[in-house]
Every structure is written in C-alpha cells, then in structure tokens.
Amino acid sequence: MKFKLFYATVVLFLFALSASAQKAEPLRLSFAKGKSSMTKTDTLASGQTFEMVFGAKAGQKVKIKIVSTTPKGKFHYFSLLGDGFDFATQYDKNYEYEFTAPNTGDYLLDVNFNATEKVTKGKFTLTLTITN
C-alpha cells in the first residue's frame, strides 16, 4: 500500500513538473473596436520576461512606447522580432520606437526588467499604436 501511495505521489510530481516547464503562449495584444492604440501595464521581477505578440500589415506605422514606473530608475527594455525585422533597445532605457512594418504578420514583443541590488521588481506601462 505504501508503495502505491509513493508511486502515485511521484507520478503526480512528474506531471506537475512537466506542466510547469512548458512555456506559455505570448499575450496577444489587440485593440478595442475603432481604436488604433492600446496600453498594457504589468510588473516584472528580476529575470522575468513579458512576451506579447501583435499583428501589423506591411506599410502600417507601428509605435511602441515603454515607460518604467519603477522608482529610482529606468529599468525596463524591450526587443521586437518579426518577419524581416529584428530590433532591441539598450538596458536601462525608457524607450519610444517607431517603424514601418516591412511585412504583414505577427511581431513578437518582449519586455524585460534589469534589476539592481536595491530594486528587484518594477512596474511598466507599454503603449502600442498602429496606424495606416
């Protein structure tokens, strides 16, 4: 009986470990009907990445603005990846970036947090605007 209980516990642990190791899908950013802009606010801890994805058509103007609302500094940065497009900001920057979408499709946007000894988590506000 003890062996069965032990075996069941090990199997449940392995299933839980397997499920936690799977990577979650990026959050799809979308606009409210009739809007061309949206804002997302969240908090990241040291070493965390917030993954988002959005769609744009070739020729559309895309504007991304990230503001770190963390006291005592600018700790957030982001990277952007799409078909024929690859861009990353520098560490410790509040950043605003505009570009013309080179291709129609999805663009992956990662927001990261660069922690310090004193500041180990931080809140950010990201604004995404897409216009023709």
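These are my notebook entries on a predicted model of a protein, from its overall make-up to a few single residues.

**Entry 1: overall make-up**

I began with the secondary structure, which comes to one helix and nine strands, and reading along the sequence I found the helix followed by the strands in the pattern α-β-β-β-β-β-β-β-β-β. Of the 132 residues in the protein, 30% are buried. I also looked up the exposed surface, which is about 8,800 Å², with carbon and sulfur atoms supplying 56% of it. Taking the contacts between residues at least 6 apart in sequence, I noted that 75% of them join residues at least 24 apart.

**Entry 2: the open sheet**

I then traced an open sheet of five strands, whose order is S1-S3-S8-S5-S6 and whose pairing is mixed. Strand S1 (27–28) and strand S6 (85–88) stand at its edges with a single partner strand each, so one side of each has no neighbour in the sheet. Inside this order I looked at strand S5 (residues 76–82) and strand S8 (residues 105–113), which run antiparallel and are joined by seven bridges; Gly-82 stands opposite Tyr-107 in S8.

**Entry 3: the nonpolar core**

Which residues have the most contacts inside the largest nonpolar core? I found that this core has 27 residues, and that the ones with the most contacts are Phe-54, Val-62, Ile-64, Leu-80, Phe-99, Val-111 and Leu-126. Among the elements giving two or more residues to this core are strand S2 (37–45), strand S4 (61–68) and strand S7 (95–100). I followed Leu-80 further and saw that, beyond four places in sequence, Leu-80 touches residues including Phe-54, Ile-64, Phe-99 and Leu-109. As a general background note, nonpolar side chains in soluble globular proteins tend to be buried together.

**Entry 4: Asn-112**

Is Asn-112, a residue of strand S8, buried or exposed? Asn-112 has 11% relative accessibility, and because buried means under 20%, Asn-112 counts as buried. Its side chain makes a polar contact of 2.6 Å with the side chain of Thr-49, and among its other contacts beyond four places in sequence are Leu-44, Gln-48 and His-76. I also noted that Asn-112 and Phe-78 are 34 residues apart in sequence, while their C-alpha atoms are 5.9 Å apart in space.

**Entry 5: salt bridges**

I counted three salt bridges and went through them in turn. Asp-106 and Arg-28 meet through their side chains at 2.7 Å, N to O; Asp-106 lies in strand S8 and Arg-28 in strand S1, so the pair ties together parts that are 78 residues apart in sequence. Asp-106 is partly exposed at 43% relative accessibility, and Arg-28 is partly exposed at 46%.

Glu-96 forms a salt bridge with Lys-63, with the closest N and O atoms 3.1 Å apart; since Glu-96 lies in strand S7 and Lys-63 in strand S4, this pair ties together parts that are 33 residues apart in sequence. Glu-96 is partly exposed at 40%, and Lys-63 is partly exposed at 31%.

Lys-40 pairs with Asp-42, where the closest N and O atoms are 3.8 Å apart. Lys-40 is partly exposed at 22%, and Asp-42 is partly exposed at 24%.

**Entry 6: Thr-129**

I ended with Thr-129, which is found in strand S9 (residues 121–131). The side chains of Thr-129 and Ser-37 are joined by a polar contact of 3.1 Å. Beyond four places in sequence, Thr-129 touches Ser-36, Ser-37, Lys-61, Val-62 and Lys-63; of these, Val-62 also appeared in my core entry, and Lys-63 in the salt bridge with Glu-96.

Methods:
Residues numbered from 1 in each chain as written. Predicted model: local features only at pLDDT ≥ 70, side-chain atom pairs only at ≥ 80, totals over all residues. Heavy atoms only, no water. Helix = DSSP H or I, 4+ residues; strand = E, 2+ residues; numbered from the N terminus. Polar contact = N/O pair within 3.5 Å; in protein donor to acceptor, adjacent residues only side chain to side chain. Contact = heavy atoms within 4.5 Å. Pairing = 2+ DSSP bridges. Core = buried A, V, L, I, M, F, W, Y, C linked by side-chain atoms within 4.5 Å. Buried < 20%, exposed > 50% of the residue type's maximum accessible area, 1.4 Å probe, protein only. Areas by Shrake-Rupley, 256 points an atom, 1.4 Å probe, with all protein chains shown as cover. Salt bridge = Lys/Arg side-chain N within 4 Å of Asp/Glu carboxyl O.
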